[in-house]
Amino acid sequence: MSRLRFMLALAAAAMALSACGERSQELGAKHVKSDKPAFSGGDAQFTAAGWNAGDRAAWEQQIRTRGQGQNEYSRSAPTAPRP
């Protein structure tokens with residue numbers, strides 16, 4: 001019986017110590033923070049065709065269009081109600 005208690009104590013100690021291995025979640029030096037608004041643009045390779053950096057109205061329209069492309073209700077074909 002003492003061997004069982006020893007194994008249980010060992011397992012409990014291992015579980016307790018495993019929680020000590022969590023890494024810090026603070027932002028480090030690798031993180032680059034940008035205070036620019038999203039519509040001001042980024043790298044040219046990541047912009048949509050026909051969009052000019054800094055044009056907020058065109059950026060908002062592009063976001064709406066992308067959102068509607070992911071909307072299942074607007075993507076599916078309308079069906080007639082069954083009688």
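Is Arg56 buried, exposed or partly exposed? Arg56 is partly exposed, with a relative accessible area of 47%. Here, buried means under 20% relative accessible area and exposed means over 50%, with partly exposed in between (1.4 Å probe, protein chains only).

## What you are looking at

This is a predicted model, so local features need pLDDT of at least 70 and side-chain atom pairs count only at pLDDT 80 or more, while totals for chains, interfaces and linings use all residues. Residues are numbered from 1 along each chain as its sequence is written, and side-chain values use heavy atoms, with hydrogens and water left out.

## The overall fold

Let's start with the big picture. The protein chain has 3 helices and 0 strands, and reading along the sequence gives the pattern α-α-α. Helices (H or I, at least four residues) and strands (E, at least two) are DSSP runs, numbered from the N terminus.

How much of the chain is tucked away? Of its 83 residues, 4% count as buried. The protein chain exposes about 8200 Å², and carbon and sulfur atoms supply 57% of that area. Accessible areas come from the Shrake-Rupley method with a 1.4 Å probe; for residues, only the protein chains shown count as cover.

## Salt bridges in helix 2

Now for the charged side chains. The structure holds 2 salt bridges; a salt bridge is a side-chain nitrogen of Lys or Arg within 4 Å of a carboxyl oxygen of Asp or Glu. One of them pairs Glu60 with Arg56, and their closest N and O atoms are 3.1 Å apart. Both residues lie in helix 2 (residues 56-69), 4 residues apart, or about one turn of the helix.

Glu60 also meets Arg64 in a salt bridge, at 4.0 Å from N to O. Glu60 and Arg64 are separated by about one helical turn, because they are 4 residues apart in helix 2. Salt bridges that share partners join Arg56, Glu60 and Arg64 into one network. As for how open these partners are, Glu60 counts as partly exposed at 28% relative accessibility, and Arg64 counts as partly exposed at 48%.

## A nonpolar patch

Over on the surface, Phe6, Met7 and Leu10 make a nonpolar patch of about 320 Å². Patches are made of residues with over 30% relative accessible area and no salt bridge: like charges are joined within 9 Å, and nonpolar side chains (Val, Leu, Ile, Met, Phe, Trp, Tyr) within 5 Å.

Met7 is found in helix 1, which covers residues 2-18. With a relative accessible area of 47%, Met7 is partly exposed.

## Apart in sequence and in space

Two residue pairs are worth finding in the 3D view. Arg56, already met in the salt-bridge network, is 19 residues from Pro37 in sequence, and their C-alpha atoms are 9.4 Å apart in space.

The other pair is Ala58 and Phe39. These two are 19 residues apart along the chain, with 8.6 Å between their C-alpha atoms. Ala58 has its place in helix 2, and its relative accessible area of 26% makes Ala58 partly exposed.
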